[in-house]
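This short report looks at selected parts of one protein chain. Please view the sequence and the model together.

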Amino acid sequence: MTILLPRTDLVPNTYEFETEAFVKTTGFREYDARWLFGTEINLLGIQALGLGLGTYVQERGVQPRIVVGHDFRSYSINIKNALILGLLQAGCEVLDIGLCLSPIAYFAQFDLDAPCVAMVTASHNENGWTGVKMGCQAPLTFGPEEMSRLKEIVMSGAGIVKAGGTLELVKGVQERYLADVSAKVQLKRKLKVVCACGNGTAGAFAPQALRAMGAEVIEMDCDLDANFPKYNPNPEDHEMLVEMAKAVKEHGADLALGFDGDGDRCGVVDNTGEEIFADKIGLMLARDLSDLHPNATFIVDVKSTGLYKTDEILKKNGASTVYWKTGHSYIKRKTSELNALAGFEKSGHFFLNKPIGLGYDDGLVAAAAVLAMLDRNPDKSLSDLKNALPVAYTSLTMSPKCGDEVKYQVLERLVKEYVDLHAAGGEILGRKVVEVITVNGARVHLEDGSWVLVRASSNKPELVVVVESLSSADDMRDLFRKEIKPRLANHPEVGAFNQEI
């Protein structure tokens, strides 16, 4: 059978669009695939992706038994069916579990003994977007190397058609997942929880899971509505967080838990209506879990607070922390590689390993861990636990413009500057540089625990800057204004910041 090369130049409402595969190469990201449906990929292009994915997993020597599911968008089921056609062409054994969250698809890999997964979701992206999260070694998902090879197979028409593809519609996975996740905590303490789903897929699963854990649940936008009438289901977005805070105050709730479009992230608002960023929730969980599991290892991304390095409770419990590359695929892989107890990413991905979870990012497993932490501290509110943390003054994430074609060269020069400064025993604003972590740009630690970070954005023509001071808000501003900003100004390729402190 002849495999046609996907086109990159088609437009809707043409004969070619209906008869040829259309795939823009930009949709192959670092650790998943994402396109605007209709303007960057068509259904035949999705089918070509399925054929390429099936070819790739067999090239890897992996059994081509693959779980497939889809999120709740008006077009997701059609995209999933097109993907399945391609997988069947490649000779795969396809297990279609239907409408689900990404963590349910990951759970199904263990539940159905399937090495591979392809979850059709655009996560928290606006309507119009689609995508696929893929893996062939549970609990890991693809990283840059896998995505690069998949792109090569798809765009060169190197997919291999094989006989023997089968399709089974599998029932019962969702129920087994809910039973498993709900068993992770049985509350002895009465807790009133706002469950915010932004009308996304999590609305079909999160409220009943939280109730089964023993919580009194106040549902907020849990009806499925693929139009997302209020806002995108994204607990990092200000709009959703403001509504979560209002609901906490209106109902006198103990906390609000917000879930993104495919349920792999969890956002938290405390009993006072204040958002707690995921790196601080991670630190609270690390304190709690390291009491139960001494000498545990935790993985956090380089944008996260430096308090993990200085926290006295973590030191007392023998815990160690490794800072690693930002990106859910990177943190998940490092958590697995080091057999860490947990991994935390500032964007709200939590990776809880055995005995708590199975190592993949799961918003409901994270929610269970937060509720269990409160249950173990019956005399404390969530804000009490937050206020018990040492104070850190962390900046917004700031992004100066820097072209895709030059940003990595500029970053290389900046990393060298900081490494050289450290080697020479140099200082920043009167404090000695004690460590430069270079796994993802340069995260520069100072002797008092403060730090500055410069890295390249993985999906935009920008650099990314974060600073944190352990002494004062003024010092945090100085680290940006007197250190980072003038240093970047020495590189003419770096443009204006999107926001500044």
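The text below covers a glycine, a helix and a cavity.

This is a predicted model, in which local features need pLDDT of at least 70, side-chain atom pairs count only at pLDDT 80 or more, and totals for chains, interfaces and linings use all residues. Residues are numbered from 1 along each chain as its sequence is written, and side-chain values use heavy atoms, with hydrogens and water left out.

G98 lies in strand β3, residues 93–99 (strands are DSSP runs of E, at least two residues, and helices runs of H or I, at least four, numbered from the N terminus). G98 has a relative accessible area of 16% and is therefore buried (under 20%, against over 50% for exposed and in between for partly exposed, with a 1.4 Å probe and protein chains only). Beyond four places in sequence, G98 is in contact (heavy atoms within 4.5 Å) with V68, G69, H70, K80 and Q174.

Helix α5 spans residues 144–155. Its buried residues are E146, M147, L150, I153, V154 and M155. The elements that cover these buried residues include those in the table.

| Element | Residues |
|---|---|
| β1 | 33–36 |
| α2 | 43–59 |
| β5 | 129–135 |
| α12 | 328–337 |

Just after α5, G157 takes a positive phi of about 65°.

The largest cavity (a set of points on a 1 Å grid over the protein atoms alone where a 1.4 Å probe fits but cannot get out) has a volume of about 80 Å³, the volume being the space filled by probe spheres set on the points. Among the residues that line the largest cavity are F107, Y177, D180 and K184.

Technical notes: Expected span 1.5 Å × (residues − 1). 1 Å grid on protein atoms, 1.4 Å probe; cavity = no way out; pocket = protein on both sides within 12 Å on 5 of 7 lines; lining within 4 Å.
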